[in-house]
Each structure stands twice: as C-alpha cells, then as structure tokens.
Amino acid sequence: MSSSSKVFTLEEVAKHNTKDDCWLIIGGKVYNVTKFLEDHPGGDDVLLSSTAKDATDDFEDVGHSTTARAMMDEYLVGEIDATTIPTKVKYAPPKQPHYNQDKTPEFIIKILQFLVPLAILGLAVAVRIYTKSESA
C-alpha cells in the first residue's frame with residue numbers, strides 16, 4: 001500500500017455495516033467486502049457480524065487459507081486509525097467470598113450416606129455376635 005493510502009476512523013468504518021455496504025477492519029487495514037458477501041463460504045452473516053469493530057481476532061480464529069489471505073488485497077480500501085479503536089479490557093472476575101465445600105448441606109448428606117449404612121452394618125454384626133454368644 002502506498003504512503004498516500006486513506007486512513008479511516010472506526011466511526012467512519014462503522015457506518016458501512018449493511019449487505020449493500022460492508023467494510024471490515026482486519027490487521028489494521030480496512031476492507032470493503034460488499035462484493036464478496038455472497039461468495040463468502042461462511043455466509044454473509046458472518047461478515048456482517050464483524051462490522052463496526054476490529055475483526056482481526058474473528059478472522060484469525062477461523063484459520064483462513066493463504067488463498068483467502070491473498071484475496072484480501074483486492075478489497076483493500078485503506079488503513080484504520082488505531083487510536084480510534086477502543087483498547088481491549090481484560091476480563092476480571094468479580095471478587096467472591098471463599099467457598100468452603102465442607103460446610104454445605106450437600107457435603108453433610110454425603111457423609112451421612114456413608115456413615116448410616118456403616119453404622120447399621122456395625123449394629124447388625126454386634127447383634128449377631130451377641131445372640132450367637134448367648135445361645136452357645
């Protein structure tokens with residue numbers, strides 16, 4: 001691409017988000033893929049869902065062939081002004097109190113399911129030994 005290539009803002013590119021006018025941002029470059037919508041193997045919905053944002057991750061996650069990457073040059077219309085793309089915020093899970101699994105009602109039930117049959121078995125053995133010793 002020459003040094004006189006057009007530089008677009010995210011706001012400008014975001015306006016092109018219909019089947020009649022579809023632009024994507026991939027790898028810092030802007031592509032007008034309107035003519036390719038019908039030919040895209042994944043369907044036009046896949047491309048349309050990637051408009052108005054940086055679609056680089058969407059594109060890379062699919063694992064496009066070298067032929068697909070080579071086709072991109074014919075749809076190139078310019079570059080994106082990187083300062084207009086919002087920075088990604090890393091997800092931080094909300095802080096939650098420590099969960100002690102040993103204090104739940106389910107844990108108590110599991111212990112009882114083990115101990116009650118064991119106690120019944122022990123009682124049966126004790127009764128058997130007691131009644132056997134009396135009859136001897």
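1. Confidence. The mean pLDDT of the protein is 88, with 90% of its residues at 70 or more. The model is predicted. Among the elements, strand 4 has the highest confidence, at a mean of 97, and helix 5 the lowest, at 89. Where pLDDT is low, predicted coordinates should not be read in detail.

2. Annotated N-terminal segment. An unreviewed UniProt entry places the annotation "domain: Cytochrome b5 heme-binding" on residues 5-81. Over residues 5-81 the model has 30% helix and 25% strand. The C-alpha atoms at the two ends of this range are 12 Å apart.

3. Sheet topology. The sheet is open and consists of 5 strands in the order 1-5-4-3-2, with mixed pairing. Strand 1 (7-8) and strand 2 (17-18) are the edge strands; each has a single partner strand, so one side of each lacks a neighbour in the sheet. In general, the strands of a sheet pair through backbone hydrogen bonds, either parallel or antiparallel.

4. Strand 4 and its two partners. Strand 4 (residues 29-32) runs antiparallel to strand 5 (residues 76-80), and 3 bridges join the two. With strand 3, strand 4 pairs in the antiparallel sense over 4 bridges. Tyr31 illustrates this arrangement: Leu76 of strand 5 stands opposite Tyr31, and Leu24 also stands opposite Tyr31 of strand 4. Lys29 has Glu79 in strand 5 as its bridge partner.

5. Backbone conformation at two positions. The hairpin of strand 3 and strand 4 has 2 residues between the strands, and Gly27 there takes a positive phi near 60°. Ala52 also deserves inspection: its phi is positive, about 65°, although the residue is not a glycine. Ala52 belongs to the loop between helix 2 and helix 3 (56-62). With a relative accessible area of 36%, Ala52 is partly exposed.

6. Salt bridge between distant parts of the chain. The structure contains 3 salt bridges. In one of them, the side chains of Lys19 and Asp44 meet at 3.3 Å, N to O. This pair connects distant parts of the chain, 25 residues apart: Lys19 is in the loop between strand 2 and strand 3 (21-26), and Asp44 is in helix 2 (residues 44-48). Asp44 is partly exposed, its relative accessible area being 22%; the lower limit for this class is 20%, under which a residue would count as buried.

7. Remaining salt bridges. Asp58 and Lys53 form a side-chain salt bridge of 3.0 Å, N to O. Asp58 is partly exposed at 30% relative accessibility, and Lys53 is likewise partly exposed, with a relative accessible area of 34%. Glu60 and Arg69 also meet through their side chains in a salt bridge, at 3.0 Å, N to O. Glu60 has a relative accessible area of 40% and is partly exposed, while Arg69 is partly exposed at 32%.

8. Asp39. This residue is located in the loop between strand 4 and helix 2. Asp39 counts as exposed because its relative accessibility is 54%, and the class of exposed residues begins over 50%. A distance of 16 Å separates the C-alpha atoms of Asp39 and Phe59, which are 20 residues apart along the chain.

9. Annotated transmembrane region. The unreviewed UniProt entry assigns a "transmembrane region" to residues 107-130. In the model, residues 107-130 are 100% helix and 0% strand, and the end C-alpha atoms of this range are 34 Å apart. The reader should weigh this region together with the confidence of helix 5, whose mean of 89 is the lowest among the elements.

10. Nonpolar surface patch. Which residues form the nonpolar patch on the surface? Ile111, Phe114, Leu115, Leu118, Leu121, Val125 and Ile129 do so, and together they have about 670 Å² of accessible area. Leu118 is a residue of helix 5 (residues 105-135). Leu118 is partly exposed, with a relative accessible area of 46%, and it meets the patch criterion because that value is over 30%.

Technical notes
Residues numbered from 1 in each chain as written. Predicted model: local features only at pLDDT ≥ 70, side-chain atom pairs only at ≥ 80, totals over all residues. Heavy atoms only, no water. Patch = residues over 30% accessible without salt bridge, like charges linked within 9 Å, V, L, I, M, F, W, Y side chains within 5 Å. Areas by Shrake-Rupley, 256 points an atom, 1.4 Å probe, with all protein chains shown as cover. Salt bridge = Lys/Arg side-chain N within 4 Å of Asp/Glu carboxyl O. Buried < 20%, exposed > 50% of the residue type's maximum accessible area, 1.4 Å probe, protein only. Pairing = 2+ DSSP bridges. pLDDT = per-residue confidence, 0-100. UniProt positions renumbered as here; feature names shortened; annotations may be inferred.
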